[in-house]
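Me: I'm new to reading structures, and I'd like to take a close look at a single part of this one. Could you pick a part and walk me through it slowly?

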Amino acid sequence: MVVSILFQKARKVLNNERGEANYFSTVVFIFIAVLLLAFIIDLFNIISTKQELDHAADQMVKQIQLSGGVNGETDELFEFLSSQIEGAENISYSIDATLILFTGQSQTTV
């Protein structure tokens, strides 16, 4: 009985063209706007972290190509780059590559 009375009052308030319904719709609008803003900020942080990880991966590839393999400088670069990235934890790297040499007409895989 009490619940049905509350539902009827709520329906009247929502259907009312006076101030009560406008206040309610304003509160709902502000709540949705705040949720949307929080989602956009989180999405921006995710995209920013991904770009930083991509940049770090490119730098690692260049370092490995220039040095001809993994060495102490590569590990130092990785530690430096991973310390600069905010929003990502427990970053690690692994190398999976094959070297293909072309000699004359034949192809040799090492």
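Reply: Happy to! In this description, a helix is a DSSP run of H or I that is at least four residues long, and helices are numbered from the N terminus. With that in hand, we can place Gln63, which lies in helix α2. Please keep in mind that this is a predicted model.

Let's get our bearings before zooming in. The protein chain has 3 helices and 2 strands, and along the sequence they come in the pattern α-α-α-β-β. Of the 110 residues in the chain, 9% are buried.

Helix α2 covers residues 19-67, and that is the part we'll walk along. Start at Phe31, which sits in this helix. Phe31 counts as exposed because its relative accessibility is 53%, and exposed means over 50%. Phe31 has company at the surface: together with Phe24, Val28, Ile32 and Leu35 it forms a nonpolar patch. The accessible area of these five residues together is about 490 Å².

Further along helix α2 we meet a pair of charged side chains. Lys50 and Asp54 join in a salt bridge, with 2.7 Å from N to O. The count of salt bridges by the rule used here is 1. Where do these two sit relative to each other? They are 4 residues apart in helix α2, so about one helical turn separates them. Their surroundings can be described too: Lys50 is exposed, at 52% relative accessible area, while Asp54 is partly exposed, at 36%.

Now back to Gln63. Is Gln63 buried or exposed? Its relative accessible area is 18%, and the cut-off for buried is under 20%, so Gln63 counts as buried. The side chain of Gln63 also makes a polar contact of 3.4 Å with the side chain of Glu73.

That contact leads us on to another group of residues. Glu73 belongs to a surface patch of negative charge, along with Asp75, Glu76 and Glu79. One of these, Glu76, is located in helix α3, which spans residues 72-84. Glu76 is exposed, with 60% relative accessible area.

To put the walk together: helix α2 holds Phe31, a member of the nonpolar patch. It also holds the Lys50 and Asp54 pair, and Gln63 as well. From Gln63, a side-chain contact reaches Glu73, one of the residues in the negative patch.

Definitions and conventions:
Residues are numbered from 1 along each chain as its sequence is written. This is a predicted model: local features need pLDDT of at least 70, side-chain atom pairs count only at pLDDT 80 or more; totals for chains, interfaces and linings use all residues. Side-chain values use heavy atoms; hydrogens and water are left out. Patches are made of residues with over 30% relative accessible area and no salt bridge: like charges are joined within 9 Å, nonpolar side chains (Val, Leu, Ile, Met, Phe, Trp, Tyr) within 5 Å. Accessible areas come from the Shrake-Rupley method with a 1.4 Å probe; for residues, only the protein chains shown count as cover. A salt bridge is a side-chain nitrogen of Lys or Arg within 4 Å of a carboxyl oxygen of Asp or Glu. Lys and Arg count as positive and Asp and Glu as negative; His and the chain ends are not counted. The place of a charge is taken as NZ of Lys, CZ of Arg, CG of Asp or CD of Glu. Buried means under 20% relative accessible area, exposed over 50%, partly exposed in between (1.4 Å probe, protein chains only). A polar contact is a pair of N or O atoms within 3.5 Å; within protein, one must be able to donate a hydrogen and the other to accept it, and residues adjacent in sequence count only if both atoms are side-chain atoms.
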